[in-house]
Amino acid sequence: MITEAVDFRYLLLENYKKMKLDENQVVVILMIDHLLSQNNPFITADLLSLKMSMEIKDIDNCLASLLEQGLIEYVSSGRRTITSLEPIKKKLYKEFQLTIANETINKQKNIKDNNTDNIFLKFEQLRGKPLSPVEVSKIREWISFGYEDDKILEALKEALSKGSKSLRVVDKILLKWAKRDDLESEGKTFIDKNWDKNLEETIRIVKTPWLNDDDNDE
């Protein structure tokens, strides 16, 4: 059984049009669900007609259509046959999961778009002029490479402090910082290399036998 975190009847009413069900089919499904909840395992057109105002032939047509669409099924359980709504429940819950996933993706996209719009606005404010399409494309490229908005704006401010509004200069600054961060993360800065070189040289000098045995004897 599917864990019904969200009410199946709610999902049915929300999605029946999308599933191309008509109102008669919806009522039949809801009535089947109601009768199952009252411990009636095998639901027939005759049983449904006792609770519904629809003609029995119309109920029978609805049942046949729902079976053909794979939305209800009759399952053998020992010597009994049981009416099951599991097929339509699975479809409805799958549709619900897809809806939630799409809403999450759209929400994240909207947040990202808003942040992107924000960095464009700040760029124009700091440079004092609107961005060209080429410049907008370049900023999007930086973002796609994984540069944080704050880092990009910081690089722009450094370029401006040097008297340049060129995005080419900003690009060079970002690249320089990226290389610096890579070196520091690996523990291999230029200072480290010079230190290691000097240390090796010191050890070599200490180990060098400057005096031989004959000199000692003297």
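What percentage of the 218 residues in the protein chain is made up of buried residues? In this predicted model, buried residues account for 26% of the 218 residues, and the close-up views below present some of the contacts and individual residues of the chain.

**View 1. The overall course of the protein chain, with its ten helices and two strands.** Followed along the sequence, the elements of the protein chain are arranged in the pattern α-α-α-α-β-β-α-α-α-α-α-α. When contacts between residues at least 6 apart in sequence are considered, 52% of them join residues at least 24 apart.

**View 2. The contact of helix 1 with helix 2.** Two packed helices are described by the angle between their axes and the distance between the axes. For helix 1 (residues 8-15) and helix 2 (residues 23-37), the axes come within 11 Å and cross at roughly 175°; since angles over 145 degrees count as roughly antiparallel, helix 1 and helix 2 are therefore roughly antiparallel to each other. On the side of helix 1 the contact involves Phe8, Arg9, Leu12 and Leu13, which meet Val26, Ile29, Leu30 and Asp33 of helix 2. Sorted by class, the residues of this contact comprise six nonpolar and two charged residues, with no polar ones. Phe8 also takes part in an interaction with Lys89, whose charged end sits over the ring of Phe8 at 5.2 Å from the ring centre.

**View 3. The contact of helix 2 with helix 4.** The axes of helix 2 and helix 4 (residues 56-68) come within 10 Å, and their crossing angle is roughly 85°. Because an angle of 65 to 115 degrees counts as roughly perpendicular, helix 2 and helix 4 are described as roughly perpendicular to each other. Helix 2 contributes Asn24, Gln25, Val28, Ile29 and Ile32, while helix 4 contributes Cys62, Leu63, Ser65 and Leu66. Six of the residues in this contact are nonpolar and three are polar, and no charged residue is included. Ile29 of helix 2, shown here in the contact with helix 4, is also one of the residues that meet helix 1.

**View 4. An aromatic pair formed by Phe123 and Trp142.** The structure holds two aromatic pairs, and the one shown here, between Phe123 and Trp142, is tilted, with 6.3 Å from centre to centre and 40° between the planes. Phe123 belongs to helix 5 (residues 86-127) and Trp142 to helix 6 (residues 133-144), so that the pair links distant parts of the chain, 19 residues apart. Both Phe123 and Trp142 are buried.

**View 5. Lys20 and Asn39, two loop residues with positive phi.** Lys20, found in the loop between helix 1 and helix 2, has a positive phi of about 60° although it is not a glycine. Its relative accessibility is 73%, and Lys20 therefore counts as exposed. Asn39, in the loop between helix 2 and helix 3 (45-49), likewise has a positive phi, near 65°, in a residue other than glycine. With a relative accessible area of 67%, Asn39 is exposed.

**View 6. The surroundings of Pro87 in helix 5.** Pro87 has a relative accessibility of 14% and therefore counts as buried. Leaving aside neighbours within four places in sequence, Pro87 is in contact with Gly70, Leu71, Ile72 and Glu73. Of these contacts, Glu73 is 14 residues from Pro87 in sequence, and the two residues are 7.3 Å apart in space, C-alpha to C-alpha.

**View 7. The surroundings of Glu135 in helix 6.** Glu135 is buried, its relative accessible area being 16%. Apart from neighbours within four places in sequence, the residues in contact with Glu135 are Arg127, Pro130 and Leu167. The C-alpha atoms of Glu135 and Ser166 are separated by 9.5 Å, although these residues are 31 residues apart along the chain.

**View 8. Ser164 in the loop between helix 7 (149-161) and helix 8 (167-185).** At a relative accessible area of 15%, Ser164 is buried. When neighbours within four places in sequence are left aside, Ser164 is in contact with Ala159 and Val169.

Definitions and conventions: Residues are numbered from 1 along each chain as its sequence is written. This is a predicted model: local features need pLDDT of at least 70, side-chain atom pairs count only at pLDDT 80 or more; totals for chains, interfaces and linings use all residues. Side-chain values use heavy atoms; hydrogens and water are left out. Axes are lines fitted to C-alpha atoms, for helices over the stretch in contact, and angles run from 0 to 180 degrees between N-to-C directions. Helices (H or I, at least four residues) and strands (E, at least two) are DSSP runs, numbered from the N terminus. Angles under 35 degrees count as roughly parallel, over 145 as roughly antiparallel, 65 to 115 as roughly perpendicular and the rest as oblique. Contact means heavy atoms within 4.5 Å. Ala, Val, Leu, Ile, Met, Phe, Trp, Tyr, Cys and Pro count as nonpolar, Asp, Glu, Lys and Arg as charged, and the others, Gly among them, as polar. Rings of Phe, Tyr and Trp (its six-membered ring) pair if their centres lie within 6.5 Å; planes under 30 degrees apart count as stacked, over 60 as edge-to-face and the rest as tilted. Buried means under 20% relative accessible area, exposed over 50%, partly exposed in between (1.4 Å probe, protein chains only). A charge sits over a ring if NZ of Lys or CZ of Arg is within 6 Å of the ring centre and within 35 degrees of the ring normal.
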